[in-house]
Amino acid sequence: MKKITGYIRDFIKQDFNVRLYVYVALFLAVCIALNYHFKFERKILNGLGHTAACMIAYIGFYAFAYFMVAIPQALVTKADYLRKRNFWIKSILLLVLLGVDGGFYYHKELLRGIKGIDSGEFYFLTTIINNAYRYVLYLPILIALKFVFDRGESGLYGLSLKRFDYKPYLYFLIAIAPVLFMLSFQADFQRSYPQMKPWISDAAFGWPEWKQSAVFEFFYLSDFVFVELFFRGALVIGMTLLMGRHAILPMVATYCFLHFGKPMAEAIGSIFGGYLLGVIALYSRNILGGYAIHMGLAALMEVMGLVQHYCFPKK
């Protein structure tokens, strides 16, 4: 923990600028207020339905978050990255990837075209593919970007066991587990977790509930690798070659926008979590700490949700 607190202390000492941080705070506060008042992400963006227009809208949505911080930051700090062609090429390509992911829908259309699939099987396959398709969408593009722009960097944007110390993250998860257990008795928690409810899928493909859960959890928990690989890997470790430490705040804003479809408290919390994990990735050049926290918290909440259903059934 001393190492992590040292990272945060050193980064704030070097990076903190009153005008910039106040601007970013006000920008995100206004965006959060407008989003949840008008339900922008949930009703307007998602309201576009399964169309290419939805993907284009998401690209603009995330680009707005990123550049509304990256451009003022460069002006305030007098950083020179706006004059670098590769900054614009690389950041736009990454934001296009994120926007395509936000509006991705093709797997649902393919599933609907399968004859003889019942509602339980459709639900089960949809929940699996919602997490599994990122293996195909993210990995080839990020590998190509690394080959073109970051060939000299070892590993794939911090996805490496080198310099990874699991102990601080394990201690954090052990400490937070009792809190999550208490929260698991709340109705909101039980509506959300587990993410895939095997009792709804009606023994899809004749599989028992435990087997459905096991398959889903593998893809669900491994999907957090791509969250970290993109935000803390490509947007921080990858962009520091062009932006230095200034890669953090634009990533934080974009990460906050990613959470606009979730409860407001989660979107607000993502600002602080994204900042912390971004600083850790910047100094350690490793994303596994962020993955350990993400995956560990998700696994605990999934387990708590299953425990609530099977051990504390509602009468």
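In this predicted model, Asp80 has a relative accessibility of 38% and therefore counts as partly exposed. Its partner in a salt bridge is Lys84, and the closest N and O atoms of the two side chains are 3.8 Å apart, which falls inside the 4 Å limit that defines such a pair. Lys84, at 28% relative accessibility, likewise counts as partly exposed, because the partly exposed class covers the values between 20% and 50%.

A salt bridge in another setting is formed by Lys90 and Asp150, whose closest N and O atoms are 2.6 Å apart. Lys90 belongs to helix 5 (residues 85-102), whereas Asp150 lies in the loop between helix 8 (134-149) and helix 9 (167-183), so that the pair ties together parts of the chain that are 60 residues apart in sequence. Lys90 is buried, with a relative accessible area of 2%, and Asp150, at 3% relative accessibility, counts as buried as well.

Within helix 12 (residues 224-238), Glu228 and Arg232 are four residues apart and are thus separated by about one helical turn. These two residues form a salt bridge in which the closest N and O atoms are 2.7 Å apart, and both of them are buried. Elsewhere, Asp101, Arg134 and Asp223 are joined into one network by salt bridges that share partners. The count for the structure comes to seven salt bridges.

Aromatic contacts were examined next. A pair of aromatic rings is described by the distance of the centres and the angle of the planes. A search of the whole structure finds 36 aromatic pairs. In one of these pairs, the ring centres of Phe27 and Phe257 are 6.2 Å apart and the ring planes lie at 15 degrees, so the pair is stacked. Phe27 is located in helix 2 (residues 18-38) and Phe257 in helix 14 (residues 248-258), and the pair thereby links distant parts of the chain, 230 residues apart. Both Phe27 and Phe257 are buried.

An edge-to-face arrangement is found for the aromatic pair of Phe124 and Phe205, with 6.4 Å from centre to centre and 65 degrees between the planes. Phe124 lies in helix 7 (residues 119-132), while Phe205 lies in the loop between helix 10 (187-192) and helix 11 (209-222), so this pair ties together parts that are 81 residues apart in sequence. The two residues fall into separate accessibility classes, since Phe124, at 3% relative accessibility, counts as buried, whereas Phe205, at 41%, counts as partly exposed. Phe27 and Phe257 also belong to one aromatic cluster, which further includes Tyr23, Tyr36, Phe40, Tyr58, Phe61, Tyr62, Phe64 and Phe260.

Turning to the packing of helices, the axes of helix 1 (residues 2-15) and helix 15 (residues 264-284) come within 9 Å and cross at roughly 95 degrees. The two helices are therefore roughly perpendicular to each other. On the side of helix 1, the residues in contact are Ile4, Tyr7, Ile8, Asp10, Phe11, Ile12 and Gln14, and on the side of helix 15 they are Tyr275, Leu276, Val279, Ile280, Leu282, Tyr283 and Ser284. By class, this contact comprises 11 nonpolar, two polar and one charged residues.

Conventions:
Residues numbered from 1 in each chain as written. Predicted model: local features only at pLDDT ≥ 70, side-chain atom pairs only at ≥ 80, totals over all residues. Heavy atoms only, no water. Axes fitted to C-alpha atoms, helices over the stretch in contact; angles between N-to-C directions. Parallel < 35°, antiparallel > 145°, perpendicular 65-115°, else oblique. Contact = heavy atoms within 4.5 Å. Nonpolar A, V, L, I, M, F, W, Y, C, P; charged D, E, K, R; others polar. Buried < 20%, exposed > 50% of the residue type's maximum accessible area, 1.4 Å probe, protein only. Phe/Tyr/Trp six-rings, centres within 6.5 Å; stacked < 30°, edge-to-face > 60°.
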